[in-house]
Amino acid sequence: MKILVDENMPYVEPLFGDLGDIIPVNGRTLTAAQVREADVLLVRSVTKVNAELLSGNNKLKFVGSATIGTDHVDLTYLAERNIPFSNAPGCNATAVGEFAFIAMLELAQRFNSPLKGKVVGIVGAGNTGTATAKCLQAYGIKVLLNDPIKAAEGDPRSFVSLDTIMAQADIISLHVPITRTGEHKTKHLFDEARLKALKPNTWLVNCCRGDVIDNQALIKVKRQRDDLKLVLDVWEGEPTPMPELVPLAEFATPHIAGYSLEGKARGTFMLYQNLCQLLNVAADKSLLDLLPSFNIKAVELAAAPNEKALLQLARFVYDLRDDDKMFRNTFLNENGFDTMRKNHQHRREFSALALAYDGQSEVDWLSNLGFSGVGQ
Ligand SMILES: NC(=O)C1=CN([C@@H]2O[C@H](COP(=O)(O)OP(=O)(O)OC[C@H]3O[C@@H](n4cnc5c(N)ncnc54)[C@H](O)[C@@H]3O)[C@@H](O)[C@H]2O)C=CC1
Ligand SMILES: O=C(O)C(=O)[C@H](O)COP(=O)(O)O
């Protein structure tokens with residue numbers, strides 16, 4: 001069995017090695033000719049999976065995308081051809097939540113404006129929005145959720161309108177899929193009018209898809225409004241963001257909010273489980289066996305951390321400033337965006353770091369935040 005795999009998908013060999021011949025490919029430049037003989041195709045978000053790519057292949061048994069988003073896949077075409085498909089819902093939600101939370105802590109430190117006491121509006125309360133809310137709520141931050149679809153489905157959490165978020169939130173974090181039609185379409189949800197209407201000193205965080213914000217309008221509005229602070233992980237026109245926009249962001253990264261080692265491993269593992277099920281083969285590998293131990297064994301806390309110390313702890317796990325700096329220095333190079341993603345040293349999630357502290361109850365919130373071993 002020929003298994004064609006995006007070369008940026010980790011842990012493919014230990015998981016899929018027994019199932020067939022693994023052929024690594026560049027997902028961004030993948031052609032129909034390369035796919036023609038594949039039995040299984042495993043992609044990430046940069047491969048457009050559609051009729052143009054697949055029409056010459058008559059033997060494809062399975063397409064998997066080790067991602068949350070499916071906007072790169074023509075699901076209707078796959079269904080018409082009866083080709084089973086699965087993505088990896090939630091695989092990197094924790095990574096995105098922690099990324100957004102860390103970015104907020106970094107902004108707070110940079111502008112000497114504590115996160116504690118602010119109100120955060122989350123637009124899109126699915127897996128990544130909920131993971132972001134979990135971090136914030138663990139730290140005692142008031143969170144407002146906007147998700148008209150979940151609200152209509154009867155999700156028991158309380159939701160507010162986007163207008164309420166615009167009026168009340170100090171920070172807005174975006175967690176919607178990109179959709180281009182329908183009542184709740186998200187393409188340019190943040191258009192020029194909405195960007196202009198952001199309340200003074202708003203921090204806007206985008207870790208979902210670039211075109212949820214009109215990037216041209218964002219350049220225009222940000223140039224007129226120095227009070228707005230931006231964290232941008234995703235861009236219109238990836239892999240070539242508008243060069244004028246990058247310097248306007250406080251933190252700028254090349255679509256790596258979901259790039260934790262755990263998140264990537266979960267993505268590959270979910271596809272492994274789905275393919276095994278399809279092939280009626282026992283999925284006998286374990287996700288835990290894949291992950292290396294973290295390079296810091298444990299951190300002993302002398303006192304419950306204040307916000308500055310919390311940021312220091314978070315930086316043990318992920319120092320966002322490093323990725324931001326590298327991105328600014330390299331995104332204009334040829335293939336700069338993709339090269340940085342390909343060579344990315346995947347960070348760990350908070351759960352990889354054990355914390356030790358005598359007074360358990362004072363630091364329970366750190367285990368709610370995701371750190372492990374607190375108080376043990
Ligand atoms: N930067 C990165 O590395 C990553 C980006 N993503 C992106 O983030 C998106 C969201 O991921 P998840 O939270 O896991 O997806 P999800 O499907 O679990 O949640 C998305 C939520 O957005 C809601 N929604 C849809 N339209 C809306 C609108 N107009 N207003 C408010 N809410 C709306 C949906 O009802 C749903 O609850 C993905 O589709 C993907 O595009 C996901 C993972 C990593
Ligand atoms: O899961 C998603 O959706 C994402 O946006 C991915 O984290 C993006 O990573 P790649 O699939 O492009 O490596």
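A residue is taken as buried here when 20 or more other C-beta atoms lie within 10 Å of its own, with C-beta atoms placed from the backbone. In this predicted model, that criterion gives a handy way into helix H6 (127-138). The buried residues of H6 are Thr128, Gly129, Thr130, Ala131, Thr132, Ala133, Cys135 and Leu136. Their packing partners are H5, strand E6 (119-123), strand E7 (142-146), strand E8 (171-174) and helix H15 (364-369). The geometry of H6 also checks out nicely: at 1.5 Å a residue, its twelve residues should span 16 Å, and because the end C-alpha atoms are 16 Å apart, the expectation and the model agree. After H6 comes Gly140, which has a positive phi, near 85°.

H6 also takes part in the surroundings of ligand 1. Helix H5 (93-110), H6 and helix H7 (148-153) each supply at least two residues of that shell. In total, 33 residues surround ligand 1, and the closest are Gly69, Gly124, Gly126, Pro177 and Gly258. Sorted by class, the shell holds 15 nonpolar, 14 polar and four charged residues.

Turning to ligand 2, the residues around this ligand are Asn8, Arg44, Ser45, Val46, Thr67, Ile68, Gly69, Asn92, His255 and Gly258. Seven residues of this shell are polar, two are nonpolar and one is charged. Gly69 and Gly258 appear here, and both are also among the closest residues to ligand 1.

The annotation offers a useful companion to these shells. In an unreviewed entry, UniProt lists Ser45, Thr67 and Tyr259 under "binding site". These positions are spread over 215 residues of sequence, yet they cluster in space, with a largest C-alpha distance of 12.4 Å. Ser45 sits in the loop between strand E3 (40-43) and helix H3 (51-54). Ser45 counts as buried because it has 22 C-beta neighbours inside 10 Å. Beyond its neighbours within four places in sequence, Ser45 is in contact with Thr67, Gly69 and His72; Thr67 is itself one of the listed "binding site" positions.

Tyr259 is found in the loop between strand E11 (251-252) and helix H11 (261-279). With 23 C-beta neighbours inside 10 Å, Tyr259 is therefore counted as buried. Its contacts, again leaving aside neighbours within four places in sequence, are Ala95, Lys264, His344, His346 and Arg347.

On a broader scale, the unreviewed UniProt entry lists residues 28-279 as "domain: D-isomer specific 2-hydroxyacid dehydrogenase catalytic". This span is 37% helix and 13% strand, and its end C-alpha atoms lie 28 Å apart.

Conventions. Residues are numbered from 1 along each chain as its sequence is written. Chains are lettered from A and ligands numbered from 1 in the order in which they are written. This is a predicted model: local features need pLDDT of at least 70, side-chain atom pairs count only at pLDDT 80 or more; totals for chains, interfaces and linings use all residues. A residue is near a molecule or strand if its C-beta atom, placed from the backbone, lies within 6 Å of it. Ala, Val, Leu, Ile, Met, Phe, Trp, Tyr, Cys and Pro count as nonpolar, Asp, Glu, Lys and Arg as charged, and the others, Gly among them, as polar. Helices (H or I, at least four residues) and strands (E, at least two) are DSSP runs, numbered from the N terminus. UniProt positions are given in the numbering used here, feature names are shortened, and annotations may be inferred rather than shown by experiment. A residue is buried if 20 or more other C-beta atoms lie within 10 Å of its own, exposed if 12 or fewer, and partly exposed in between; C-beta atoms are placed from the backbone. Two residues are in contact if their C-beta atoms, placed from the backbone, lie within 7 Å. The expected span of a helix is 1.5 Å times one less than its number of residues.
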